[in-house]
Amino acid sequence: MLYINPFEKLPVAQSQYEQMAIDFCKKWQAGESIFTLHTSGSTGIPKPIQLTRYQMQQSALLTGQTFGLQQGDHILVCVNIAYIAGVMMLVRGLELGLAMTVVEPASNPFVGIEHLECQYDFVALVPLQIQKILQNDVIYRQKLNQMKAVIVGGASVNNTLQQQIQELLVPVYSTYGMTETVSHIAIRRLNGPEPNANFRVLEGVEVKIDERSCLCIKAPASNNQWIVTNDVVELLDASHFCIIGRYDNIINSGGVKIQLEKVEAVLEVALRNVLSTKLLPRFFAYGIPDDRLGQQLIVVIELPQLPEEERNRILGFLQEKLGKYEIPKQILIISAFSETPTGKIDKRTTIKSLNL
(Lines give C-alpha, C1' and ligand atoms only; values in the text may rest on other atoms or scores of the structure.)
Protein backbone atom coordinates (compact mmCIF):
# COMPACT_ATOMS: atom_id res chain seq x y z
CA MET A 1 0.00 0.00 0.00
CA LEU A 2 1.33 3.41 -1.02
CA TYR A 3 -0.04 6.74 0.25
CA ILE A 4 0.63 9.79 -1.91
CA ASN A 5 -0.19 13.35 -0.91
CA PRO A 6 0.33 15.55 -3.99
CA PHE A 7 1.38 18.46 -1.78
CA GLU A 8 4.09 16.56 0.06
CA LYS A 9 7.34 14.84 -0.87
CA LEU A 10 6.79 11.55 -2.66
CA PRO A 11 7.19 8.51 -0.37
CA VAL A 12 9.70 5.68 -0.81
CA ALA A 13 8.35 2.73 -2.78
CA GLN A 14 8.29 -0.69 -1.13
CA SER A 15 7.67 -2.74 -4.28
CA GLN A 16 8.22 -2.66 -8.03
CA TYR A 17 4.57 -1.71 -8.57
CA GLU A 18 4.78 1.16 -6.10
CA GLN A 19 7.97 2.32 -7.82
CA MET A 20 6.07 2.47 -11.11
CA ALA A 21 3.56 4.83 -9.47
CA ILE A 22 6.32 7.00 -7.99
CA ASP A 23 8.15 7.16 -11.32
CA PHE A 24 5.03 8.38 -13.12
CA CYS A 25 4.35 11.01 -10.44
CA LYS A 26 7.95 12.27 -10.74
CA LYS A 27 7.62 12.62 -14.51
CA TRP A 28 4.32 14.45 -14.15
CA GLN A 29 5.62 16.81 -11.48
CA ALA A 30 8.69 17.48 -13.65
CA GLY A 31 6.39 18.72 -16.42
CA GLU A 32 6.84 15.90 -18.95
CA SER A 33 4.65 16.64 -21.96
CA ILE A 34 4.32 13.29 -23.80
CA PHE A 35 3.41 9.92 -22.32
CA THR A 36 3.32 6.55 -24.10
CA LEU A 37 0.65 4.10 -22.98
CA HIS A 38 -0.47 0.76 -24.37
CA THR A 39 -3.99 -0.42 -25.17
CA SER A 40 -5.18 -3.34 -23.06
CA GLY A 41 -5.32 -5.89 -25.88
CA SER A 42 -8.84 -7.06 -25.06
CA THR A 43 -10.14 -6.36 -28.58
CA GLY A 44 -6.92 -6.55 -30.59
CA ILE A 45 -3.16 -6.63 -30.46
CA PRO A 46 -1.89 -4.24 -27.74
CA LYS A 47 -0.45 -1.11 -29.33
CA PRO A 48 1.42 1.94 -28.04
CA ILE A 49 -0.40 5.28 -28.06
CA GLN A 50 1.14 8.66 -27.32
CA LEU A 51 -0.89 11.07 -25.23
CA THR A 52 -0.07 14.67 -24.45
CA ARG A 53 -0.08 16.24 -21.03
CA TYR A 54 -2.85 18.59 -22.22
CA GLN A 55 -5.10 15.66 -23.20
CA MET A 56 -4.63 13.98 -19.83
CA GLN A 57 -5.21 17.24 -17.95
CA GLN A 58 -8.45 17.86 -19.84
CA SER A 59 -9.67 14.35 -19.03
CA ALA A 60 -8.80 14.73 -15.34
CA LEU A 61 -10.57 18.09 -15.08
CA LEU A 62 -13.67 16.67 -16.76
CA THR A 63 -13.80 13.76 -14.30
CA GLY A 64 -13.41 16.09 -11.35
CA GLN A 65 -16.19 18.31 -12.63
CA THR A 66 -18.52 15.38 -13.40
CA PHE A 67 -18.22 13.70 -10.00
CA GLY A 68 -17.69 16.73 -7.77
CA LEU A 69 -14.12 15.89 -6.73
CA GLN A 70 -12.43 18.62 -4.71
CA GLN A 71 -8.94 19.32 -3.44
CA GLY A 72 -8.28 17.24 -0.33
CA ASP A 73 -10.57 14.37 -1.33
CA HIS A 74 -9.10 10.87 -1.00
CA ILE A 75 -9.16 8.38 -3.89
CA LEU A 76 -8.36 4.68 -4.00
CA VAL A 77 -6.16 3.69 -6.95
CA CYS A 78 -6.67 -0.04 -7.45
CA VAL A 79 -6.74 -0.57 -11.22
CA ASN A 80 -3.52 -1.28 -13.10
CA ILE A 81 -1.40 1.88 -13.41
CA ALA A 82 0.38 0.45 -16.45
CA TYR A 83 -2.77 1.25 -18.45
CA ILE A 84 -5.01 4.24 -19.04
CA ALA A 85 -7.56 3.63 -16.24
CA GLY A 86 -4.88 3.47 -13.54
CA VAL A 87 -2.67 6.19 -14.98
CA MET A 88 -5.59 8.59 -15.12
CA MET A 89 -6.35 7.98 -11.45
CA LEU A 90 -2.81 9.18 -10.70
CA VAL A 91 -3.25 12.19 -12.98
CA ARG A 92 -6.54 13.08 -11.28
CA GLY A 93 -4.82 12.96 -7.91
CA LEU A 94 -1.93 15.15 -9.06
CA GLU A 95 -4.02 17.65 -11.05
CA LEU A 96 -6.96 17.97 -8.66
CA GLY A 97 -4.99 17.82 -5.41
CA LEU A 98 -6.41 14.49 -4.23
CA ALA A 99 -4.78 12.21 -1.68
CA MET A 100 -4.14 8.76 -3.18
CA THR A 101 -3.93 5.29 -1.69
CA VAL A 102 -2.35 3.06 -4.33
CA VAL A 103 -2.74 -0.72 -4.05
CA GLU A 104 -1.79 -3.44 -6.49
CA PRO A 105 -4.74 -4.69 -8.57
CA ALA A 106 -6.66 -7.49 -6.83
CA SER A 107 -10.11 -9.01 -7.19
CA ASN A 108 -11.11 -7.30 -3.91
CA PRO A 109 -8.96 -4.17 -3.52
CA PHE A 110 -10.05 -3.61 0.11
CA VAL A 111 -8.49 -6.85 1.34
CA GLY A 112 -5.37 -5.88 3.29
CA ILE A 113 -6.35 -2.24 3.84
CA GLU A 114 -9.67 -2.72 5.65
CA HIS A 115 -7.92 -1.86 8.91
CA LEU A 116 -7.10 1.67 7.72
CA GLU A 117 -9.38 4.22 9.32
CA CYS A 118 -9.77 6.44 6.29
CA GLN A 119 -12.69 7.41 4.10
CA TYR A 120 -12.30 7.25 0.33
CA ASP A 121 -14.24 9.63 -1.87
CA PHE A 122 -13.81 8.06 -5.29
CA VAL A 123 -12.66 4.82 -6.92
CA ALA A 124 -12.47 3.25 -10.37
CA LEU A 125 -13.16 -0.50 -10.50
CA VAL A 126 -13.47 -3.23 -13.11
CA PRO A 127 -16.68 -5.33 -12.98
CA LEU A 128 -14.94 -8.31 -11.33
CA GLN A 129 -13.75 -6.09 -8.48
CA ILE A 130 -17.15 -4.67 -7.60
CA GLN A 131 -18.64 -8.14 -7.92
CA LYS A 132 -16.14 -9.51 -5.38
CA ILE A 133 -16.72 -6.58 -3.03
CA LEU A 134 -20.49 -7.16 -3.08
CA GLN A 135 -20.19 -10.85 -2.23
CA ASN A 136 -17.86 -10.25 0.73
CA ASP A 137 -18.16 -8.77 4.20
CA VAL A 138 -20.47 -5.81 4.75
CA ILE A 139 -17.49 -3.63 5.76
CA TYR A 140 -16.38 -3.50 2.13
CA ARG A 141 -19.78 -2.27 0.97
CA GLN A 142 -19.67 0.36 3.70
CA LYS A 143 -16.36 1.62 2.29
CA LEU A 144 -18.04 2.15 -1.06
CA ASN A 145 -21.15 3.76 0.44
CA GLN A 146 -18.99 6.48 2.04
CA MET A 147 -17.82 7.68 -1.37
CA LYS A 148 -19.07 10.45 -3.63
CA ALA A 149 -19.13 8.13 -6.64
CA VAL A 150 -17.89 4.79 -7.95
CA ILE A 151 -17.09 4.26 -11.63
CA VAL A 152 -16.95 0.83 -13.27
CA GLY A 153 -15.18 0.35 -16.58
CA GLY A 154 -12.94 -1.90 -18.63
CA ALA A 155 -15.76 -4.30 -19.53
CA SER A 156 -19.54 -4.29 -19.75
CA VAL A 157 -21.69 -4.69 -16.63
CA ASN A 158 -24.18 -7.51 -17.09
CA ASN A 159 -27.75 -7.38 -15.81
CA THR A 160 -27.06 -9.73 -12.90
CA LEU A 161 -24.24 -7.56 -11.57
CA GLN A 162 -26.29 -4.40 -12.06
CA GLN A 163 -29.04 -5.89 -9.90
CA GLN A 164 -26.48 -6.58 -7.16
CA ILE A 165 -25.17 -3.00 -7.44
CA GLN A 166 -28.66 -1.82 -6.47
CA GLU A 167 -27.69 -2.81 -2.89
CA LEU A 168 -25.29 0.15 -2.80
CA LEU A 169 -26.27 3.66 -1.70
CA VAL A 170 -23.30 5.36 -3.40
CA PRO A 171 -23.93 6.50 -6.99
CA VAL A 172 -22.35 3.90 -9.30
CA TYR A 173 -21.69 4.63 -12.97
CA SER A 174 -20.65 2.48 -15.88
CA THR A 175 -18.12 4.34 -18.02
CA TYR A 176 -17.39 4.29 -21.73
CA GLY A 177 -13.95 5.16 -23.05
CA MET A 178 -10.60 3.84 -24.23
CA THR A 179 -6.92 4.72 -24.29
CA GLU A 180 -7.40 6.86 -27.41
CA THR A 181 -10.04 9.00 -25.66
CA VAL A 182 -7.91 9.22 -22.48
CA SER A 183 -10.31 7.25 -20.27
CA HIS A 184 -14.08 7.81 -20.12
CA ILE A 185 -16.06 10.21 -22.29
CA ALA A 186 -19.56 8.95 -21.39
CA ILE A 187 -21.30 7.48 -18.33
CA ARG A 188 -24.55 5.77 -17.38
CA ARG A 189 -26.05 5.41 -13.88
CA LEU A 190 -26.26 1.81 -12.71
CA ASN A 191 -28.22 2.18 -9.47
CA GLY A 192 -30.60 4.43 -7.61
CA PRO A 193 -34.24 5.19 -8.44
CA GLU A 194 -33.52 5.89 -12.11
CA PRO A 195 -30.74 3.65 -13.50
CA ASN A 196 -30.13 4.24 -17.19
CA ALA A 197 -29.53 1.80 -20.03
CA ASN A 198 -28.06 4.55 -22.23
CA PHE A 199 -24.76 6.38 -22.04
CA ARG A 200 -24.65 10.16 -21.66
CA VAL A 201 -21.64 11.93 -23.13
CA LEU A 202 -19.79 14.29 -20.82
CA GLU A 203 -19.54 18.03 -21.25
CA GLY A 204 -17.52 19.12 -24.27
CA VAL A 205 -17.71 15.70 -25.97
CA GLU A 206 -19.20 15.31 -29.46
CA VAL A 207 -20.38 12.01 -30.96
CA LYS A 208 -21.63 10.77 -34.32
CA ILE A 209 -21.80 7.46 -36.20
CA ASP A 210 -20.08 6.34 -39.38
CA GLU A 211 -21.45 4.26 -42.26
CA ARG A 212 -21.08 1.08 -40.14
CA SER A 213 -23.15 2.64 -37.32
CA CYS A 214 -19.94 2.73 -35.27
CA LEU A 215 -19.39 5.50 -32.74
CA CYS A 216 -17.05 8.41 -33.54
CA ILE A 217 -15.86 10.71 -30.74
CA LYS A 218 -14.36 14.20 -30.56
CA ALA A 219 -13.35 15.82 -27.27
CA PRO A 220 -10.67 18.08 -25.77
CA ALA A 221 -9.05 14.88 -24.45
CA SER A 222 -8.72 13.64 -28.04
CA ASN A 223 -7.08 16.92 -29.10
CA ASN A 224 -10.44 17.69 -30.72
CA GLN A 225 -9.73 15.08 -33.38
CA TRP A 226 -12.37 12.53 -34.38
CA ILE A 227 -11.68 9.05 -32.99
CA VAL A 228 -13.39 6.21 -34.91
CA THR A 229 -14.32 3.18 -32.81
CA ASN A 230 -15.51 -0.34 -33.65
CA ASP A 231 -18.48 -0.06 -31.29
CA VAL A 232 -21.83 -0.36 -33.03
CA VAL A 233 -24.29 1.99 -31.33
CA GLU A 234 -27.76 3.42 -31.62
CA LEU A 235 -27.36 7.18 -31.47
CA LEU A 236 -30.44 8.42 -29.63
CA ASP A 237 -29.65 12.15 -29.83
CA ALA A 238 -26.63 14.44 -29.78
CA SER A 239 -25.62 13.36 -26.27
CA HIS A 240 -27.01 9.85 -25.68
CA PHE A 241 -26.25 6.47 -27.21
CA CYS A 242 -26.90 2.79 -26.60
CA ILE A 243 -24.23 0.19 -27.32
CA ILE A 244 -25.33 -2.67 -29.60
CA GLY A 245 -22.00 -4.51 -29.73
CA ARG A 246 -18.57 -4.62 -31.30
CA TYR A 247 -18.35 -4.45 -35.10
CA ASP A 248 -15.60 -7.08 -34.86
CA ASN A 249 -17.92 -9.22 -32.70
CA ILE A 250 -20.11 -9.98 -35.70
CA ILE A 251 -19.37 -13.43 -37.10
CA ASN A 252 -20.51 -14.97 -40.38
CA SER A 253 -21.75 -18.53 -39.91
CA GLY A 254 -23.08 -20.19 -43.04
CA GLY A 255 -23.74 -16.80 -44.62
CA VAL A 256 -25.69 -15.49 -41.61
CA LYS A 257 -24.30 -12.56 -39.61
CA ILE A 258 -24.53 -13.06 -35.84
CA GLN A 259 -23.94 -10.33 -33.23
CA LEU A 260 -22.17 -12.10 -30.37
CA GLU A 261 -23.43 -9.69 -27.71
CA LYS A 262 -27.03 -10.72 -28.50
CA VAL A 263 -26.15 -14.37 -27.88
CA GLU A 264 -24.34 -13.43 -24.64
CA ALA A 265 -27.36 -11.49 -23.35
CA VAL A 266 -29.61 -14.55 -23.75
CA LEU A 267 -26.92 -16.84 -22.30
CA GLU A 268 -26.76 -14.66 -19.18
CA VAL A 269 -30.48 -15.16 -18.58
CA ALA A 270 -30.12 -18.90 -19.20
CA LEU A 271 -27.30 -19.22 -16.67
CA ARG A 272 -29.23 -17.21 -14.09
CA ASN A 273 -32.26 -19.47 -14.53
CA VAL A 274 -30.40 -22.79 -14.58
CA LEU A 275 -27.46 -22.46 -12.18
CA SER A 276 -28.09 -22.49 -8.45
CA THR A 277 -25.08 -20.29 -7.58
CA LYS A 278 -25.73 -16.63 -6.71
CA LEU A 279 -22.47 -15.55 -8.34
CA LEU A 280 -22.85 -15.78 -12.10
CA PRO A 281 -19.80 -17.30 -13.84
CA ARG A 282 -18.02 -15.39 -16.58
CA PHE A 283 -18.75 -16.40 -20.17
CA PHE A 284 -18.47 -15.27 -23.77
CA ALA A 285 -19.62 -16.18 -27.27
CA TYR A 286 -17.05 -16.67 -30.00
CA GLY A 287 -16.65 -17.70 -33.64
CA ILE A 288 -14.11 -20.40 -34.46
CA PRO A 289 -13.05 -21.49 -37.98
CA ASP A 290 -15.28 -24.11 -39.60
CA ASP A 291 -14.74 -25.78 -42.98
CA ARG A 292 -18.46 -25.91 -43.80
CA LEU A 293 -19.85 -22.78 -42.13
CA GLY A 294 -16.82 -20.49 -42.36
CA GLN A 295 -17.25 -19.69 -38.66
CA GLN A 296 -18.89 -21.84 -36.01
CA LEU A 297 -20.64 -20.17 -33.08
CA ILE A 298 -19.63 -21.46 -29.63
CA VAL A 299 -20.03 -20.25 -26.05
CA VAL A 300 -17.42 -20.68 -23.32
CA ILE A 301 -18.29 -20.65 -19.61
CA GLU A 302 -15.86 -20.34 -16.69
CA LEU A 303 -16.85 -23.23 -14.43
CA PRO A 304 -15.03 -26.19 -12.83
CA GLN A 305 -17.74 -28.47 -14.23
CA LEU A 306 -21.22 -28.40 -15.74
CA PRO A 307 -23.50 -31.44 -15.23
CA GLU A 308 -25.07 -32.79 -18.42
CA GLU A 309 -28.56 -32.00 -17.15
CA GLU A 310 -27.71 -28.33 -16.63
CA ARG A 311 -25.92 -28.15 -19.98
CA ASN A 312 -29.05 -29.48 -21.71
CA ARG A 313 -31.29 -27.02 -19.87
CA ILE A 314 -29.04 -24.12 -20.91
CA LEU A 315 -29.07 -25.30 -24.52
CA GLY A 316 -32.84 -25.71 -24.41
CA PHE A 317 -33.26 -22.13 -23.17
CA LEU A 318 -31.01 -20.83 -25.96
CA GLN A 319 -32.95 -22.81 -28.57
CA GLU A 320 -36.19 -21.29 -27.29
CA LYS A 321 -34.99 -17.66 -27.18
CA LEU A 322 -32.58 -17.39 -30.13
CA GLY A 323 -33.04 -17.67 -33.86
CA LYS A 324 -32.14 -20.91 -35.62
CA TYR A 325 -28.72 -19.68 -36.74
CA GLU A 326 -27.88 -18.00 -33.43
CA ILE A 327 -27.89 -21.23 -31.42
CA PRO A 328 -24.31 -22.18 -30.39
CA LYS A 329 -22.93 -25.37 -31.87
CA GLN A 330 -20.95 -26.07 -28.69
CA ILE A 331 -21.10 -25.14 -24.99
CA LEU A 332 -17.56 -25.39 -23.66
CA ILE A 333 -16.41 -25.31 -20.04
CA ILE A 334 -13.04 -24.11 -18.75
CA SER A 335 -12.00 -23.76 -15.10
CA ALA A 336 -10.24 -20.39 -15.50
CA PHE A 337 -10.20 -17.82 -18.29
CA SER A 338 -6.96 -16.25 -19.44
CA GLU A 339 -6.89 -12.51 -18.66
CA THR A 340 -5.23 -9.39 -19.99
CA PRO A 341 -3.04 -7.35 -17.60
CA THR A 342 -6.08 -5.12 -16.95
CA GLY A 343 -8.22 -8.04 -15.78
CA LYS A 344 -10.33 -8.39 -18.91
CA ILE A 345 -11.04 -11.78 -20.46
CA ASP A 346 -8.39 -12.66 -23.04
CA LYS A 347 -10.68 -14.50 -25.43
CA ARG A 348 -8.05 -15.43 -28.01
CA THR A 349 -5.70 -17.00 -25.48
CA THR A 350 -8.58 -18.76 -23.74
CA ILE A 351 -9.78 -20.27 -27.02
CA LYS A 352 -6.23 -21.32 -27.90
CA SER A 353 -5.92 -23.17 -24.58
CA LEU A 354 -8.98 -25.26 -25.44
CA ASN A 355 -7.10 -26.84 -28.39
CA LEU A 356 -10.17 -26.85 -30.59
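These are my notebook entries on what I looked up in this structure, which is a predicted model.

**Entry 1: the 12-stranded sheet**

I began with the strand order. An open sheet of 12 strands runs S1-S5-S4-S6-S7-S8-S9-S10-S14-S13-S12-S11, and its pairing is mixed. I looked for the edges next. They are strand S1 (2-4) and strand S11 (206-209), each paired on one side only. From one strand to the next, the twist averages 35 degrees.

I then asked what packs on this sheet. Helix H3 (residues 84-96) does, touching S4, strand S5 (99-102), S6, strand S7 (149-152), strand S8 (172-178) and strand S9 (183-189). The direction of H3 makes about 160 degrees with that of S4.

I also checked one pair of strands toward the S11 end of the order. Strand S12 (residues 214-218) and strand S13 (residues 227-237) run antiparallel and are joined by 3 bridges. Cys214 stands opposite Val232 in S13.

**Entry 2: strand S4**

I moved to S4 and its side chains. His74 and Leu76 point one way, while Ile75 and Val77 point the other way. All of these are buried. That fits a general pattern: in a regular strand, side chains alternate between the two faces of the sheet.

For pairing, I looked at S5. S4 and S5 pair in the parallel sense over 4 bridges. Leu76 stands opposite Thr101 in S5.

**Entry 3: Asp73**

Where does Asp73 sit? I found Asp73 in the loop between helix H2 (53-67) and strand S4 (74-77). Is Asp73 buried or exposed? Its relative accessibility is 10%, so Asp73 counts as buried, the cut-off being under 20%.

I then listed the polar partners of its side chain. A polar atom of the Asp73 side chain lies 2.9 Å from the backbone nitrogen of Gln70. The side chain of Asp73 also makes a polar contact with the side chain of Lys148, at 2.7 Å.

Beyond four places in sequence, Asp73 touches Gly68, Leu98, Ala99, Asp121 and Lys148. Lys148 thus appears both in this contact list and as a polar partner.

**Entry 4: Phe122**

I went on to Phe122, in strand S6 (residues 122-125). Its relative accessible area is 0%, so Phe122 is buried. I checked its separation from Asp73. The two are 49 residues apart in sequence and 8.1 Å apart in space, C-alpha to C-alpha.

Which residues is Phe122 in contact with, leaving aside neighbours within four places in sequence? The list includes Thr63, Phe67 and Leu69. His74, Ile75 and Leu76 are also in contact with Phe122, and these three are among the buried residues of S4. Met89 and Arg92 are in the list too, as are Met147, Ala149 and Ile151.

**Entry 5: Val111**

I wanted an exposed residue as well. Val111 is found in the loop between S5 and S6. Its relative accessible area is 53%, so Val111 is exposed, the cut-off being over 50%. Val111 and Cys78 are 33 residues apart in sequence and 11 Å apart in space, C-alpha to C-alpha.

**Entry 6: the 3-stranded sheet and H7**

I turned to another open sheet, with 3 strands in the order S17-S18-S19 and mixed pairing. Strand S17 (283-290) and S19 each have a single partner strand, so one side of each is left without a neighbour in the sheet. The twist here averages 35 degrees from one strand to the next.

Strand S18 (residues 294-302) and S19 run parallel, with 5 bridges between them. Glu302 has Ile334 as its bridge partner in S19.

H7 lies across S17 and S18 and runs at about 130 degrees to S17. This helix has 15 residues. It reaches 21 Å from its first C-alpha to its last, close to the 21 Å expected. I noted its buried residues, among them Leu260, Val263, Glu264, Val266 and Leu267.

**Entry 7: helix H8**

I closed with helix H8 (residues 308-321), which has 14 residues. It reaches 20 Å from first C-alpha to last, close to the 20 Å expected. Which residues of H8 are buried? They are Glu310, Ile314, Phe317 and Leu318. Seen down the axis of H8, these fall within an arc of 100 degrees, so they line one face of the helix.

I looked at what that face meets. The buried residues of H8 pack against helix H7 (260-274) and strand S19 (330-334). On the other side of H8, Glu308, Glu309 and Glu320 are exposed.

Terms used
Residues are numbered from 1 along each chain as its sequence is written. This is a predicted model: local features need pLDDT of at least 70, side-chain atom pairs count only at pLDDT 80 or more; totals for chains, interfaces and linings use all residues. Side-chain values use heavy atoms; hydrogens and water are left out. Helices (H or I, at least four residues) and strands (E, at least two) are DSSP runs, numbered from the N terminus. The expected span of a helix is 1.5 Å times one less than its number of residues. Buried means under 20% relative accessible area, exposed over 50%, partly exposed in between (1.4 Å probe, protein chains only). The arc is that of the directions from the helix axis to the C-beta atoms. Contact means heavy atoms within 4.5 Å. A polar contact is a pair of N or O atoms within 3.5 Å; within protein, one must be able to donate a hydrogen and the other to accept it, and residues adjacent in sequence count only if both atoms are side-chain atoms. Two strands pair if DSSP finds at least two bridges between them. Axes are lines fitted to C-alpha atoms, for helices over the stretch in contact, and angles run from 0 to 180 degrees between N-to-C directions.
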